[in-house]
Amino acid sequence: MDGLYEAMKRSTKAFYDAGGGDLITLGTDAPSHGYFLSGFSAHREMHTMVMAGLPEHAALKAGTINSAKALGKSSLIGSIETGKLADLYIVKGNPLDDITNTRNA
């Protein structure tokens, strides 16, 4: 995870600090160096974003509404609103306090 952390610290954090927070999404290129388990890479990437200095809410937005906007699908997915498609993921703990709580299903 060290390589991923260093890359996030250099690029993603700088982009966030420059005002690009609403454009950051989770990657589709499996940046966790070989961990291709569905879902695991997303949790790991959000954790790394927070380790690099992004606030928890920014990491959660990267995996939800920001990603939906990037796909041109924010009218259908990405947030919980009347009329949208949604899967709810219930966790123990608040990911806004500790992003690793997203792993506590």
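**Exercise 1.** Determine how the lining of the largest pocket in this predicted model divides by residue class, and locate the pocket within the fold.

*Solution.* Step 1: sorted by class, the lining comprises 16 nonpolar, eight polar and two charged residues. Step 2: the pocket encloses about 840 Å³ of space. Step 3: among its 26 lining residues, Gly63, Thr64, Asp87, Leu88 and Tyr89 lie closest to the centre. Step 4: two or more lining residues come from each of α2, α3 and α4 (65–70).

**Exercise 2.** Establish which residues of helix α3 are buried and why they line one face of the helix.

*Solution.* Step 1: within α3 (residues 56–63), the buried residues are Glu56, Ala58, Ala59 and Ala62. Step 2: viewed down the axis of α3, these buried residues fall within an arc of 165°, and therefore they line one face. Step 3: in general, an α-helix has 3.6 residues a turn, so residues three or four places apart point the same way.

**Exercise 3.** Describe the part played by alanine 59 in the largest nonpolar core.

*Solution.* Step 1: this core has 13 residues, and Met49 and Ala59 have the most contacts inside it. Step 2: the elements giving two or more residues to the core are α1, α2 and α3. Step 3: leaving aside residues up to four places away in sequence, alanine 59 touches Met46, Met49, Val50 and Ile99.

**Exercise 4.** Decide whether leucine 23 is buried or exposed, and identify its contacts.

*Solution.* Step 1: leucine 23 sits in the loop between α1 (2–20) and α2 (40–51). Step 2: its relative accessible area is 64%; since exposed means over 50%, leucine 23 is exposed. Step 3: with residues up to four places away in sequence not counted, leucine 23 touches Phe15 and Asn66. Step 4: the C-alpha atoms of leucine 23 and alanine 62 are separated by 7.8 Å, although the two residues are 39 residues apart along the chain.

Technical notes:
Residues are numbered from 1 along each chain as its sequence is written. This is a predicted model: local features need pLDDT of at least 70, side-chain atom pairs count only at pLDDT 80 or more; totals for chains, interfaces and linings use all residues. Side-chain values use heavy atoms; hydrogens and water are left out. Buried means under 20% relative accessible area, exposed over 50%, partly exposed in between (1.4 Å probe, protein chains only). Helices (H or I, at least four residues) and strands (E, at least two) are DSSP runs, numbered from the N terminus. The arc is that of the directions from the helix axis to the C-beta atoms. Contact means heavy atoms within 4.5 Å. A nonpolar core is a set of buried Ala, Val, Leu, Ile, Met, Phe, Trp, Tyr and Cys residues joined through side-chain atoms within 4.5 Å. On a 1 Å grid over the protein atoms alone, a cavity is a set of points where a 1.4 Å probe fits but cannot get out, and a pocket is an open set with protein on both sides within 12 Å along at least five of seven lines; lining residues have an atom within 4 Å of a point. Grid points are joined across faces, edges and corners, and a volume is the space filled by probe spheres set on the points. Ala, Val, Leu, Ile, Met, Phe, Trp, Tyr, Cys and Pro count as nonpolar, Asp, Glu, Lys and Arg as charged, and the others, Gly among them, as polar.
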